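Visitor: Could you take me on a close look at the place where the two chains meet? I am new to this, so please explain the terms as you go.

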Amino acid sequence: MKVMHSSFRFAAIVFLLTASAMPAAAQEREGAAVRALELKWTESYKLHQIDILSSLLADDFVITIEDGSIYSKAGYISHSADNSVHVEVAELSDLKVRMHGDTAVVTGAYHERGLSKGKSYEYHDRLTDVWMKSSGKWQVVASHYSVPVKQ
Amino acid sequence: MRGYARSAVMLCVLAIAAIPTAAQQESDAATLRALELKLAEAYKERHIDLLASMLAEDFVITFEDGSVYSKTGYISYSATPSIRLDVAETSDVKVRMHGNTAILTGAYHERGTSNGKPYEYHDRFTDVWLKTDGKWQLIASHYGVPVK
């Protein structure tokens, strides 16, 4: 009986620990999904894969880019499809994902280098991206990319 | 049949109740605009308790120089006595509602002195607010100076 009791208690503890760990595990899984989507977004932007890009952006998406311009989804897609821009490097680093239920905030660094109308350009940015999960699908709702000023 | 009809009606009522009305969204947007002003004022006047109450625990902010602060770091920074703010103003604020998450974009002007040295920023900003248990709190901010 005593053994039975201990087994039961052990099982109960394992169950409770598993149950309490589940939200953390789920958050980790969602965080990893959002990171993967960040990479997919960067790749589709670099390669002008407009259909993929479009599927990642919410309809009410808004982005503020390095020169302070603000684009809606349609504006950003047009900007990304511009054939006079050739993106050679588009890389993310130092990504941190903060989960708030169905909203995720991603901060990090971004490096872009390329040619615009034959003229070379290069940015070393900081970024904030906001993703939301709706009907089981993550989409980015807002982005801000800026070049740090020197103090 | 009567049971099905009642269930269908109840489902409709629940579905309609779950959709935020345009009036509700408008009211939330007005609240958020007021909170943005309150935030800028609390930052300028160093009302640290008020500032802290407006920020979520997992708040993150990116500054003009690329520094990234947590809530604690930002509160410490805001309380720095060597910084004196003369102007902290938002303008051109747009609110986009996504249920309990709101995205605010706009322009921000800050002028002051840091360690006796004058400084001035003309930024673009993105603030992200989240409503939890009926209360809006800021979860993320990004302030950057546009490149020329």
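Guide: Between chain B and chain A, about 2,400 Å² of area is buried, and carbon and sulfur atoms give 65% of it. Buried area here is the accessible area (1.4 Å probe) that two parts lose on being put together, summed over both. On the chain B side, the residues that lose the most area to chain A are B:His98, B:His142 and B:Val147, together 23% of what that side buries. The model is predicted: local features need pLDDT of at least 70 and side-chain atom pairs pLDDT 80 or more, while totals for chains, interfaces and linings use all residues. Residues are numbered from 1 along each chain as its sequence is written, chains are lettered from A and ligands numbered from 1 in the order written, and side-chain values use heavy atoms, without hydrogens and water.

Who takes part? Chain B brings 27 residues to the contact and chain A brings 27 residues, where contact means heavy atoms within 4.5 Å. Two salt bridges are counted between the chains; a salt bridge is a side-chain nitrogen of Lys or Arg within 4 Å of a carboxyl oxygen of Asp or Glu. One salt bridge joins the side chains of B:Arg96 and A:Asp60, at 3.8 Å from N to O.

Now for the elements and residue classes. On the side of chain B that touches chain A, two or more residues each come from β1 (55-62), β3 (83-98), β4 (101-114), β5 (117-132) and β6 (135-144) of chain B. Strands are DSSP runs (E, at least two residues), numbered from the N terminus. That side of chain B has 13 nonpolar, nine polar and five charged residues. Nonpolar covers Ala, Val, Leu, Ile, Met, Phe, Trp, Tyr, Cys and Pro; charged covers Asp, Glu, Lys and Arg; the others, Gly among them, are polar.

Finally, look for a small space lined by both chains. The second largest cavity has a volume of about 30 Å³. A cavity is a set of points on a 1 Å grid over the protein atoms alone where a 1.4 Å probe fits but cannot get out, and lining residues have an atom within 4 Å of a point. Grid points are joined across faces, edges and corners, and the volume is the space filled by probe spheres set on them. Its lining includes A:His144, A:Tyr145, B:Arg124 and B:Pro146. Strand β6 (residues 137-146) of chain A gives the largest share of this lining, three residues.

Notes. Helices (H or I, at least four residues) and strands (E, at least two) are DSSP runs, numbered from the N terminus. On a 1 Å grid over the protein atoms alone, a cavity is a set of points where a 1.4 Å probe fits but cannot get out, and a pocket is an open set with protein on both sides within 12 Å along at least five of seven lines; lining residues have an atom within 4 Å of a point.
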